[in-house]
Amino acid sequence: MRVSPWVVPVLVVLAAALGIGGARFLAAPSFTRDYAAAGGGRVETVRFVVRGLKCVDTAKQVAGQFEEVPGVLRYVAYASRNEAQVTYDAAITGPRALRAAIEGPVVDEASGQIRFHQFQVVSLDGVVIR
Amino acid sequence: MARRVSTLQLSRLTLQIAVAAVALTAGVRLARGWSLAGVEKYCPFGGLETAWSFVTHRSFSCAAGELNLALFLALLGLTLVARKAFCSWVCPVGSVNEWIFRLVRRPGGRLPWEPPPGVDRALRWLRLPVLAVILFFTWQTGELVFRGYDPYYILTSAHGHEVKLWSYAILAAVLALGVVIPMAWCRYLCPLGVTLWPFSALGRLRLRRTESRCTACAACSRACPHGIDVAGGTEVRSGECTLCLECSAACPAAGALELRLEGPKP
């Protein structure tokens, strides 16, 4: 069947739209870590967009930032979206403490060096901070 | 027919420039800290690189994500219909190579140098080991190891992560090679191109040459950036066809080359 050559760009645009629209059905985390069990308080989840969280390695570094934070239950990172989802015990901790942990100094495991300002929270639950 | 194809070619050029500009802007915005998302996010090859990690661990490699994978799957679907149209309509590396091809093409449509068909066919297999090495190391390490060598990333990341001085040397070599051999990167080295190749060979949109209308001038073959002998058969079956439609734009005989949607052959 003869077709117009214009069908080619139409198909290209359709494929791009399909890819962009269909991405959400393939969502999967880059990294996940579970921490200590809940202390019995209300369990909540907060979503941070973090400047500096851009790959699996940096996602692991962010996970390390929560090691010393009581009340953190689960951390899930989506590096391609620069996103960190943190589930926590609301009776023990809250978004402000979690943000402080993310933005705190980072100890590089390989070199032992301390790095400041490696991660910056850009938004919290969709609300832009900076 | 000729005027319509010209408009089409102009549209294609516009789309190529727009995609390249968007990719460059995204790279600069990321480099300047104005944005968190770079150009990698939209690279379908990243989807292939992370496919193994997704299938085995339901997670993504390095900075790759669901958008890369979804765009890769959509690209496979597109290729099954419209051949490697992505390469000539969207891919910024393909665009740059094609612009070089246009610059070096001599009057009358002759190419600076077209490798003999046997050499050309043999060299195209080079893409397979390139693809195998990239996938092996990406799947082994979980890192996007190709970044520093990837012309797309080097071109558009505004000196992004893992781009070193030698990366620019590679980019310069790739572009210089394109001056000597048309579309050298796409033909002989592109790992995404070789991935799409078998799907493209099955692609249903095909250019058909009607012999009764053809003047046998072979302008179509000379116009093909990928060195396909369009005039040598009645149908372009090559998996290398990118549906750039340069051949039909160059054809002086109305209706001699037509795009057709073919059903599966028995």
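How many bridges join strand 7 of chain A to strand 8 of chain A? There are two, and these strands run antiparallel. The views below show a predicted model.

**View 1. Strands 7 and 8 of chain A pair with each other.** Strand 7 covers residues 120-124. A:Ser123 stands opposite A:Val128, a residue of strand 8.

**View 2. Six strands of chain A make up an open sheet.** Their order is 1-3-4-2-7-8, with antiparallel pairing. Strand 1 (31-34) and strand 8 (127-128) are the edge strands, each paired on one side only.

**View 3. Helix 2 and helix 3 of chain A meet the strands.** Helix 2 (residues 56-65) lies across strand 1, strand 2 (43-51), strand 3 (72-78) and strand 4 (83-89), and runs at about 20 degrees to strand 1. Helix 3 (residues 95-103) packs on the sheet and touches strand 2, strand 4 and strand 7. The direction of helix 3 makes about 150 degrees with that of strand 7.

**View 4. The largest nonpolar core has 105 residues.** Among those with the most contacts inside this core are A:Val12, A:Ala77, B:Phe86 and B:Cys247. Helix 3 (residues 66-82) of chain B gives the largest share of the core, ten residues. Beyond its neighbours within four places in sequence, B:Cys247 is in contact with residues including B:Leu207, B:Cys220 and B:Leu257.

**View 5. Chain A and chain B touch.** The contact takes 31 residues from chain A and 37 residues from chain B. On the side of chain B, helix 3 supplies the largest share, eleven residues. By class, this side has 26 nonpolar, six polar and five charged residues.

Note on methods. Residues are numbered from 1 along each chain as its sequence is written. Chains are lettered from A and ligands numbered from 1 in the order in which they are written. This is a predicted model: local features need pLDDT of at least 70, side-chain atom pairs count only at pLDDT 80 or more; totals for chains, interfaces and linings use all residues. Two strands pair if DSSP finds at least two bridges between them. Helices (H or I, at least four residues) and strands (E, at least two) are DSSP runs, numbered from the N terminus. Two residues are in contact if their C-beta atoms, placed from the backbone, lie within 7 Å. Axes are lines fitted to C-alpha atoms, for helices over the stretch in contact, and angles run from 0 to 180 degrees between N-to-C directions. A nonpolar core is a set of buried Ala, Val, Leu, Ile, Met, Phe, Trp, Tyr and Cys residues joined through C-beta atoms within 7 Å. A residue is buried if 20 or more other C-beta atoms lie within 10 Å of its own, exposed if 12 or fewer, and partly exposed in between; C-beta atoms are placed from the backbone. Ala, Val, Leu, Ile, Met, Phe, Trp, Tyr, Cys and Pro count as nonpolar, Asp, Glu, Lys and Arg as charged, and the others, Gly among them, as polar.
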